[in-house]
Amino acid sequence: MTAAALFVPGGVGVAFAAMVLWLLRGDRRSAADLLVHLSLAVLAALFIGFLAGRAIRDPGPFLEVLLSGLLSGVLYSLVALGFVLIFKASGVFNFAQGAMVLVAGLAMVRCLDFLVAKGLTYWLAVPAALLFAGLIMALTAWVIERFVLGPLVNQDGLTLFMSTIGATFVLEGLAQMVFGSDVYPLRLFPTDAWFMLESVFAGGILVNKLDVWGGLIAGVLVAALAVFFQNTKTGRALRAVADDHAAAQSVGIPISWIWFVVWLVAGLVALVAAMVWGTKLGVQFSITFLALKALPVLIIGGFTSVPGAIIGGLIIGSGEKLAEVYLAPMIGGGIEYWFAYVLALAVLLVRPQGLFGEKIIERI
Amino acid sequence: MKADVDKVVAPGISVECKGGDVLLAVENVSLSFGGVKAIRDVSFDIREGEIRAIIGPNGAGKTSMLNVINGFYHPQQGTITYKGAKRQAMRPYVAASSGIARTFQNVALFKGMSTLQNIMTGRTLKMRKGILAQALYWGAAKNEEIRHREVVEGIIDFLEIQHIRKTPVGKLPYGLQKRVELGRALATEPELLLLDEPMAGMNLEEKQDMSRFVIDVNEQLGTTIALIEHDMAVVMDLSDRVVVLDYGQKIADGTPEVVQKDQNVIDAYLGVAH
């Protein structure tokens, strides 16, 4: 047992370090790069090896932390997905994604409350409220395309980014003006705990059912979106518009339609995120700050990659939970709040396009 | 229209045309950006099946003219008649869907995509399946995708770029990028192809290749071509008729032989003593 407890984590750590170095193989230009990459790989190997040691010593709690981390990571991915979609299709970092989650959530929960108060059965009211929120997102997409982005075709990416900051404030203000600004509880998914594998580990592994739902939904969304972007006409058109407005127009891609579609899809993804997060936290203004947590996810996964958003979310979610539980005794608590950003910084240092992003090739 | 041409070139010399009917006519078009007059009262036509060159010194308004035809710029005055329909201004989508395709002076490819995907974007307007069918990616939408892929493979063979099918275009040398861009324009099955300096920055060999492709497109596919080019040898070899712009105005129009000897053209290119 002692030998295994020593060598297995070490082996896992070394394997992980090798993997990190292999991932970074193409980007080394100088000795300094090599040094940075090596030290990062060593740090990562130590962390992973340390975790592997803990996993061997006490697998039950470790699995529990890992699983809850992975599942909450999926929830980050849901928000990050909306960013990726719009970035892929218009080259714009959409600052308003968090606000869109708020709009979608408020529209849904208020409509649901209203219908239930009118005496409609709950399971009839839910689809109706979803439909209503979907329509609100479609309206939002149309308005943003028509009045914010439409007039800015062929403008610089930074100009478009600034316009989404403006849209953020308008959306947040309007949504709270129309739907109210309290905390509205939402009960769409079961939130009770669920014990698995009780026969294997003493006491079993505690999993939140809501997290499992979130994971399932995100998986389906990603599979669908990945196929859509890779293999369809509209998917290609979206990427074409992101690269070059004028060239896209010249082959007959209708930019305004494409932008409407992409903001609509991002709005619907925001609605899904609002369903899950609203159940977790209640629909409230602070939901817009989810955008901040999505940022490191995007940096790790790459701004242009749908699968990247998921992998990034999983890395962040599990990383921060594991760090919080296992590192806190050594370096103090509160790790959960900054760990994601440190991970993102490390990735920026060695692979600015993210793990799955499109490599930017500049010709001079 | 014809009388106008004769008057400008040289009275009495009849203009020989390879082309058939007028495909596109630009009439009295003026375009200005604020106080800058990019195009002043320019009229000319492009006939079906010909290769029409637009030449002139830098800043003469050649690219602006293509942008007007293709709908990126909307002229303040004048009309564009394309396939019998008269318009004050084209819109890019209308231009593309009615058969006008173009390439750009500075290559405008979708850099993140492979050669194959870039050319596939040219099929956008030919693909009919709705967004829901695509979202499901099942049956009809998938078949359509495969059918258009075959067309694109044909274009790739035609342009002899099989070896770079899967390469991201950002990694390609300039000459090949221009060829991919031509491929993307061809994928739209254009009736009128606008080429903005297709040979700029190329070496002799690449120029010869590109010239061959332009001629092949014109002769084998019957596509009408309007091209801007600075290399006079290429212009004189390729084109059936040439229109010359200078400071936004048309100064000559006719066959290469006629334009070459025109005093206004010589003055514009060599400068004239005031």
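**Two loop residues, the fold of chain A and the A–B contact**

Tyr247(B) sits in the loop that joins strand 9 (241-246) to strand 10 (249-254) of chain B. In this predicted model, Tyr247(B) isn't a glycine, yet its phi is positive, at about 50°. Most residues other than glycine have a negative phi. With 15 other C-beta atoms within 10 Å, Tyr247(B) falls between the cut-offs of 20 or more for buried and 12 or fewer for exposed, so it counts as partly exposed.

Glu189(B) tells a similar story: this residue, again not a glycine, has a positive phi of about 50°. Its place is the loop between helix 7 (174-187) and strand 7 (192-196) of chain B. Glu189(B) is partly exposed too, with 16 other C-beta atoms within 10 Å.

Turning to chain A, its secondary structure adds up to 13 helices and 2 strands. A compact globule of 364 residues would have a radius of gyration near 21 Å, and the 22 Å of chain A agrees with that. Along the principal axes, its C-alpha trace spans about 65 × 65 × 35 Å. Some 47% of the 364 residues of chain A count as buried. Among contacts in chain A with a separation of 6 or more, 75% come from residues 24 or more positions apart.

As for how the chains meet, 32 residues of chain B are in contact with 23 residues of chain A. On the chain B side, at least two residues each come from helix 3 (92-97), strand 6 (100-102), helix 4 (115-121), helix 5 (131-136) and helix 6 (140-158). Helix 3 of chain B gives the most, with 4 residues. By type, this side of chain B splits into 17 nonpolar, 10 polar and 5 charged residues.

Methods: Residues are numbered from 1 along each chain as its sequence is written. Chains are lettered from A and ligands numbered from 1 in the order in which they are written. This is a predicted model: local features need pLDDT of at least 70, side-chain atom pairs count only at pLDDT 80 or more; totals for chains, interfaces and linings use all residues. Two residues are in contact if their C-beta atoms, placed from the backbone, lie within 7 Å. Ala, Val, Leu, Ile, Met, Phe, Trp, Tyr, Cys and Pro count as nonpolar, Asp, Glu, Lys and Arg as charged, and the others, Gly among them, as polar. The radius of gyration is taken over C-alpha atoms; the globule rule is 2.2 Å times the number of residues to the power 0.38.
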